[in-house]
Amino acid sequence: MLNVIFLIAIILGVSGQNIVRKPYTKKVGDGGVYFFSTLLSVAALIFFVVTSTELEFDNSFIPYSIGFAAAYAISSVFMVLAIAYGSLSLTSLFISYSLMIPTFYGLIFLNDDMSIGFIPGLFLLMISLFLVNKSDEKAKFSFKWIICVVLSFVGNGMCTVIQKMQQVASHGVYKNEFMIVALAIVTVVMLVMSLIKERKILKVCAKAGWHWALICGILNGMVNLFVMILSDRMAVSLMFPLISAGGLVVTYIISRFCYKEKLTKVQFVGFVFGLFAVVFLNI
């Protein structure tokens, strides 16, 4: 039951981050990306400090913190840019596929068991993620958008892989300490970049949605903490496909009840495929 609670919280947190980024990019476009990332990392950093009961720092996790900080910064910056340059739904779709990176890492390097329903479940998941994000509008692809999506894809996937590597190496300890050091590095780097690149538009960026960045950061901190906790309780090759598939439910609820949108026939078929994917992945 506890695993289900963690999964639901992660799914809502991942979906929520993408949703709160859009209002900000609508107002500032591709400007203020470092400002947004600074506040995001600060909020996530505060989250890990507040949720810590006792901190104990050790040099052993520093290399992992540095690696995570690099992947986190890349994912954070280029995710905002990708949403600014292109479709939110298409961007979210391709970033969702990044969870396949830690999934295959678990299968190849951690010797996670492959269940009988994994292959058909994974196949159904890929189909559902494509169909549920398909709209009647013609998608506009730009070279800038493709580059940003690819970099965010790799950064997002590697964040989770490095988290798992650190937890395996330290036998499940130093979760908060590892993240606090990593996020402190990201905060400093993003702040310096913002002051250099965005000094003239900081007031505009702040008015455009400083609160969206803080909300995004809190959700990000929650997701990262719960992912590390759950990865000790569940095989990552199963956990991440479930997170992706669970996002389908969130997509339906938000589009139907918050934005009063109805799924197209194609999207509804994709939603059904997603439900079947969840069933097969749990066999």
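**Entry 1: two loops**

I began with Asn111, which I found in the loop between helix 5 (100–109) and helix 6 (118–132). I am working from a predicted model, and I keep that in mind for every entry below. The phi angle of Asn111 is positive, about 55 degrees, although this residue is not a glycine. I then looked up how much of Asn111 is covered, and at 62% relative accessibility it counts as exposed, because the cut-off for exposed is over 50%.

I noted His171 beside it, since phi of His171 is near 60 degrees, again a positive value in a residue other than glycine. His171 has its place in the loop between helix 7 (143–169) and helix 8, and it is exposed, with a relative accessible area of 71%.

**Entry 2: the start of the chain**

Which residues make the nonpolar surface patch of about 610 Å²? I listed Met1, Leu2, Val4, Ile5, Ile8 and Leu12 as its members. I checked one of them, Leu12, and found that it belongs to helix 1, which covers residues 2–28.

**Entry 3: helix 2**

I wanted to see whether the length of helix 2 (residues 33–50) fits its number of residues, and so I compared two values: the 18 residues should span 26 Å at 1.5 Å a residue, and the end C-alpha atoms are 26 Å apart, which agrees. Is helix 2 mostly covered or mostly open? I found it mostly covered, as 13 of its 18 residues are buried.

**Entry 4: aromatic rings**

A search of the whole structure gave me eight aromatic pairs. I looked at Tyr24 and Phe36, whose ring centres are 4.8 Å apart and whose planes stand at 45 degrees, so I wrote this pair down as tilted; the reasoning is that tilted pairs are those that are neither under 30 degrees, which would be stacked, nor over 60, which would be edge-to-face. Tyr24 lies in helix 1 and Phe36 in helix 2, so the pair ties together parts that are 12 residues apart in sequence. I also recorded that Tyr24 is buried, with a relative accessible area of 0%, and that Phe36 is buried too, with a relative accessible area of 1%.

I went on to Phe47 and Phe48, which form an edge-to-face aromatic pair, with 5.8 Å from centre to centre and 85 degrees between the planes. Phe47 counts as buried at 18% relative accessibility, because buried means under 20%. Phe48 also counts as buried, at 0% relative accessibility.

My last note on rings is that Phe57, Phe61 and Tyr174 form one aromatic cluster.

**Entry 5: a salt bridge**

How many salt bridges does a search of the whole structure find? I found one. I reminded myself that side chains of opposite charge can pair when their charged atoms come close. Here Asp232 forms the salt bridge with Lys175, and the closest N and O atoms are 3.1 Å apart. Asp232 lies in the loop between helix 9 (202–231) and helix 10 (236–258), while Lys175 lies in helix 8 (residues 175–197), so the pair ties together parts that are 57 residues apart in sequence.

I looked up the cover of each partner as well: Asp232 is partly exposed, with a relative accessible area of 43%, whereas Lys175 counts as buried at 15% relative accessibility.

Methods: Residues are numbered from 1 along each chain as its sequence is written. This is a predicted model: local features need pLDDT of at least 70, side-chain atom pairs count only at pLDDT 80 or more; totals for chains, interfaces and linings use all residues. Side-chain values use heavy atoms; hydrogens and water are left out. Patches are made of residues with over 30% relative accessible area and no salt bridge: like charges are joined within 9 Å, nonpolar side chains (Val, Leu, Ile, Met, Phe, Trp, Tyr) within 5 Å. Accessible areas come from the Shrake-Rupley method with a 1.4 Å probe; for residues, only the protein chains shown count as cover. A salt bridge is a side-chain nitrogen of Lys or Arg within 4 Å of a carboxyl oxygen of Asp or Glu. Helices (H or I, at least four residues) and strands (E, at least two) are DSSP runs, numbered from the N terminus. The expected span of a helix is 1.5 Å times one less than its number of residues. Buried means under 20% relative accessible area, exposed over 50%, partly exposed in between (1.4 Å probe, protein chains only). Rings of Phe, Tyr and Trp (its six-membered ring) pair if their centres lie within 6.5 Å; planes under 30 degrees apart count as stacked, over 60 as edge-to-face and the rest as tilted.
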